[in-house]
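Here is a short tour of the model in front of you. Have a look at the sequence and the structure, and then we will walk through the ligand's surroundings and a couple of single residues.

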Amino acid sequence: PVDSEELGRSGWTVLHTMAAYYPENPSENVQKDMKNFMTLLSRLYPCKRCAKDLRKDLKDDPPDVTSQKSLANWMCNLHNKVNEKLGKPLFDCSKVNERWRDGWKD
Ligand code: FAD
């Protein structure tokens, strides 16, 4: 069976890193690709109950793919919904680029 914790840590690394290096001014095609990526992920993600909740989350709050900042913030909020559900601490989304792109400021 799938180890949803191990899969999740790797999954979030891919997703937050994609958001961290997403263009500041994405073309229409790039925006469409990012939306499609999240939709397809929610169909194919191998933790079945995670995928089911993800499909609902995407419906309630579709990805904001208009800029790097908006996508990184949207991804952070998505992750926080899962954190909340699992009783994990919420992440401060103002620090998302520090965590996934720039390195922590000291
Ligand atoms: P993770 O939650 O994996 O976080 C990894 C690192 O990300 C943290 O150490 C922290 O530095 C950083 N981080 C934490 N929160 C944020 C944030 N909001 N924004 C940016 N960075 C952050 N598990 C389930 O049991 N049920 C589910 O329904 C479920 N749905 C999932 C949906 C998706 C799309 C993904 C990718 C994973 C899902 N998981 C689910 C897995 C779950 O979210 C965790 O990955 C797993 O429980 C391991 O948690 P962790 O405590 O190691 O840290």
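## What lines the ligand

The shell around the ligand is a mix: 9 nonpolar, 7 polar and 6 charged residues. In this count Ala, Val, Leu, Ile, Met, Phe, Trp, Tyr, Cys and Pro are nonpolar, Asp, Glu, Lys and Arg are charged, and the others, Gly among them, are polar. This is a predicted model, in which local features need pLDDT of at least 70, side-chain atom pairs count only at pLDDT 80 or more, and totals for chains, interfaces and linings use all residues. Residues are numbered from 1 along each chain as its sequence is written.

In total, 22 residues surround the ligand, and the closest are G8, G11, C50, H79 and F91. A residue belongs here if its C-beta atom, placed from the backbone, lies within 6 Å of the ligand. Two or more residues come from each of α1 (4-20), α3 (48-60), α4 (68-86) and α5 (96-102). Helices are DSSP runs of H or I with at least four residues, numbered from the N terminus. Which element gives the most to the shell? That is α1, with 8 residues.

## M18 in helix α1

Helix α1 also holds M18. M18 counts as partly exposed because it has 16 C-beta neighbours inside 10 Å; the class lies between buried (20 or more other C-beta atoms within 10 Å) and exposed (12 or fewer), with C-beta atoms placed from the backbone. M18 and D33 are 15 residues apart along the chain, and 12 Å separates their C-alpha atoms.

## R43 in helix α2

R43 sits in helix α2, which spans residues 28-44. R43 is exposed because 9 other C-beta atoms lie within 10 Å. From R43 to Q68 there are 25 residues in sequence and 24 Å in space, C-alpha to C-alpha.
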